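Reader: Could you take me through one part of this structure up close? I'd like to start with the backbone oddities, and then hear about the ligand site and the chain as a whole.

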Amino acid sequence: MKYTPSQLWFMDAKFGIFIHWGIYSLLKRGEWVMHNEKIPISKYEPLKDMFEASLFEPQEWVELFKDAGARYVTFTSKHHDGFCMYDSALTEYKVTNTPLGRDVVGELRDACNDEGLKLFLYYSQLDWHHPDYYPLGRTGQYAGRVEGGDWERYLEYYIGQVRELAVNYKPVGFWFDGMWDKPDADWKLHDLYQMIHSILPNALIGNNHHRKPYPGEDFQIFEQSLPGEEGGVIKNTTYISDLPLETCLTINNSWGYNEQDHQHKSVEKLLEYLVKTAGMNSNLLLNVGPRPDGTIQKEHATRLIRIGEWLRKYGEAIYRTRGVSVEENYSVTRRDEVQYLMITTKESNVLKVPFKYARLHSLTPLKFELSNSVLYISEWSKEPIEILKLE
Ligand code: H79
């Protein structure tokens, strides 16, 4: 496959930060709270009058993400609840009508531009709020909406909103989600993608529909599991295309801020994901869900900083590489003639490796010998991942 310059940039970038932030954050129980707790629109809508986000400082977010070693940011411009985090002319259900009263997407774009991070916009095609999202799909039955609605009008609305985002914010790409709610509906994907590419020819389009990529998509998304794995609740496709790949992952088990979710993955585990996704030739899009006040919880910020420290030391094995393989105990990436063997589990001191004679040296301070395709480790380092470089 011949890749476009923007696809090559994307594959080189390797690591991005996903942000889930909206009025659901106020309830502190994740972004699905409206559906999960059967909150009708009449009770949910007033959240927007409580959205003050008095500590929202996009520059601080972006500085943290830069420190983390991320090259891009993907932000929820509209999630399934239908609330828009940008200044849309097509609805009043938007962040500029909250006490915060600021255009969050616009400010984040400016902050990203200042720091040299690229911005993708997440957009939920599924909408639990719009009266024309009808017939309903597999979710959103408890919103208390009147029966009826005009699907064609919804298509105009959502495609119109994406057009607004493309024209007004010029993101480097779009990240769609929610099509799985009505898998058999006609979402006018062809028109949607063509419209985006006519406005932004280099835009990278991905869609988290859990199926084989459709024409017009520029990268393939996997949710909460490595490419090719089905995942748990989420039935990802096991088909891996030739498109650039991206795996999105939560730090704990929640996308939107969830006060009760303390199951944060360790830094070691997160680095293992980064190394494995790189070995599979995939990017990692790691999520944070800022609090309603606009701050990022310490548990997540400290992990991001530690990932950044690791990437500053060992980023040469990740950035601008292509995946070669992922085995039980190690992943391999390459850049031109150089390869990196990254050992992710230190269970066995004897590893069968895919090269016989190679000029091999370790980036981490471990002691080893290579003989006849077998690597003998005599002393592990204290680093979470051992890295050997082959030239
Ligand atoms: O934005 C984050 C999540 O809110 C969103 N995607 C990430 C990036 C997401 N929405 N849904 N899912 C992830 C998976 C949900 C699957 C299920 Fe169902 C919803 C399982 C049961 C209800 C959809 C409807 C699949 C089966 C029925």
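Author: Let's start with Ser373, keeping in mind that this is a predicted model. Ser373 counts as buried, because its relative accessibility is 10% and the cut-off for buried is under 20%. Its backbone is worth a look too: Ser373 has a positive phi of about 65 degrees, even though it is not a glycine. You'll find Ser373 in the loop that runs between β14 (367-371) and β15 (374-379).

Asn281 also has a positive phi, about 70 degrees, and Asn281 is not a glycine either. This one sits in the loop between α8 (267-279) and β8 (282-288). Is Asn281 buried or partly exposed? With a relative accessible area of 23%, Asn281 is partly exposed, because that value is not under the 20% needed to count as buried.

There's one more backbone feature to look up while you have the loops on screen. Tyr134 and Pro135 are joined by a cis peptide bond, with omega at about 0 degrees. Pro135 belongs to the loop between β3 (118-124) and α6 (151-169).

Now for the ligand. The space it takes is the largest pocket. Around the ligand there are 16 residues, and the closest are His20, Glu31, His79, Asp177 and Glu223. Sorted by class, that shell holds eight nonpolar, four polar and four charged residues.

A few polar contacts are worth picking out there. For Glu31, an N or O atom of the side chain is 2.5 Å from an oxygen atom of the ligand. For His20, the distance between a side-chain N or O atom and a ligand oxygen is 2.6 Å. Tyr122 joins in as well, with a polar side-chain atom 3.4 Å from an oxygen atom of the ligand.

Zooming out, the protein chain has nine helices and 16 strands. Its radius of gyration is 22 Å, close to the 21 Å that the globule rule gives for 391 residues, so the chain is as compact as a globular protein of that length. Along the principal axes, the C-alpha atoms fill a box of roughly 70 × 40 × 35 Å. Of the 391 residues in the protein chain, 59% count as buried, and Ser373, where we began, counts as buried too.

Terms used:
Residues are numbered from 1 along each chain as its sequence is written. This is a predicted model: local features need pLDDT of at least 70, side-chain atom pairs count only at pLDDT 80 or more; totals for chains, interfaces and linings use all residues. Side-chain values use heavy atoms; hydrogens and water are left out. A residue is near a molecule or strand if one of its heavy atoms lies within 4 Å of it. A polar contact is a pair of N or O atoms within 3.5 Å; within protein, one must be able to donate a hydrogen and the other to accept it, and residues adjacent in sequence count only if both atoms are side-chain atoms. On a 1 Å grid over the protein atoms alone, a cavity is a set of points where a 1.4 Å probe fits but cannot get out, and a pocket is an open set with protein on both sides within 12 Å along at least five of seven lines; lining residues have an atom within 4 Å of a point. A molecule sits in a cavity or pocket if more than half of its atoms lie within 2 Å of its grid points. Ala, Val, Leu, Ile, Met, Phe, Trp, Tyr, Cys and Pro count as nonpolar, Asp, Glu, Lys and Arg as charged, and the others, Gly among them, as polar. Helices (H or I, at least four residues) and strands (E, at least two) are DSSP runs, numbered from the N terminus. The radius of gyration is taken over C-alpha atoms; the globule rule is 2.2 Å times the number of residues to the power 0.38. Buried means under 20% relative accessible area, exposed over 50%, partly exposed in between (1.4 Å probe, protein chains only).
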